[in-house]
Amino acid sequence: SDKMSHQGTNLDMDAMADTYYKMVDLCFRRCVTRFTESDLVAGEHACVEKCGVKYLETMEFAKDKLN
């Protein structure tokens, strides 16, 4: 039904948001080490970018294996 489809969409959005927040938390804790600058320094920026890509690729790989 239309209501069930809407609930499924909400669950998908919740799962995507949860994945995003976990990725941000993990990559921030792993990569951001200096708090003297208001912006990320070059090494932190590269680390966050690589971390985010690897996290999303790993989540996609795991999803594919579970399906």
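**Close-up views of a predicted model**

**View 1. Arg-34 in the loop between the helices.** At a relative accessibility of 45%, Arg-34 counts as partly exposed, because that class covers the range between the 20% limit for buried residues and the 50% limit for exposed ones. In this predicted model, Arg-34 belongs to the loop that lies between H1 and H2. Its separation from Glu-44 is ten residues in sequence, while the C-alpha atoms of Arg-34 and Glu-44 are 8.7 Å apart in space.

**View 2. A nonpolar patch on the surface.** Three residues, Tyr-20, Tyr-21 and Val-24, make up a nonpolar surface patch, and together they present about 340 Å² of accessible area. Val-24 is part of helix H1, which spans residues 2–31. With a relative accessible area of 39%, Val-24 is partly exposed, and it can therefore be counted in a patch, for which over 30% relative accessible area is required.

**View 3. The largest pocket and its lining.** The largest pocket holds about 250 Å³ of space, and its lining consists of Ala-15, Met-16, Thr-19, Tyr-20, Leu-56, Met-59, Glu-60 and Lys-63. Helix H1 and helix H2 (42–66) each contribute at least two residues to this lining. By chemical character, the lining of the largest pocket comprises five nonpolar residues, one polar residue and two charged residues. Tyr-20 appears in two of these views, since it is listed in the nonpolar surface patch and also among the residues that line the largest pocket.

Conventions. Residues numbered from 1 in each chain as written. Predicted model: local features only at pLDDT ≥ 70, side-chain atom pairs only at ≥ 80, totals over all residues. Heavy atoms only, no water. Patch = residues over 30% accessible without salt bridge, like charges linked within 9 Å, V, L, I, M, F, W, Y side chains within 5 Å. Areas by Shrake-Rupley, 256 points an atom, 1.4 Å probe, with all protein chains shown as cover. Salt bridge = Lys/Arg side-chain N within 4 Å of Asp/Glu carboxyl O. Helix = DSSP H or I, 4+ residues; strand = E, 2+ residues; numbered from the N terminus. Buried < 20%, exposed > 50% of the residue type's maximum accessible area, 1.4 Å probe, protein only. 1 Å grid on protein atoms, 1.4 Å probe; cavity = no way out; pocket = protein on both sides within 12 Å on 5 of 7 lines; lining within 4 Å. Points joined across faces, edges and corners; volume = space filled by probe spheres on them. Nonpolar A, V, L, I, M, F, W, Y, C, P; charged D, E, K, R; others polar.
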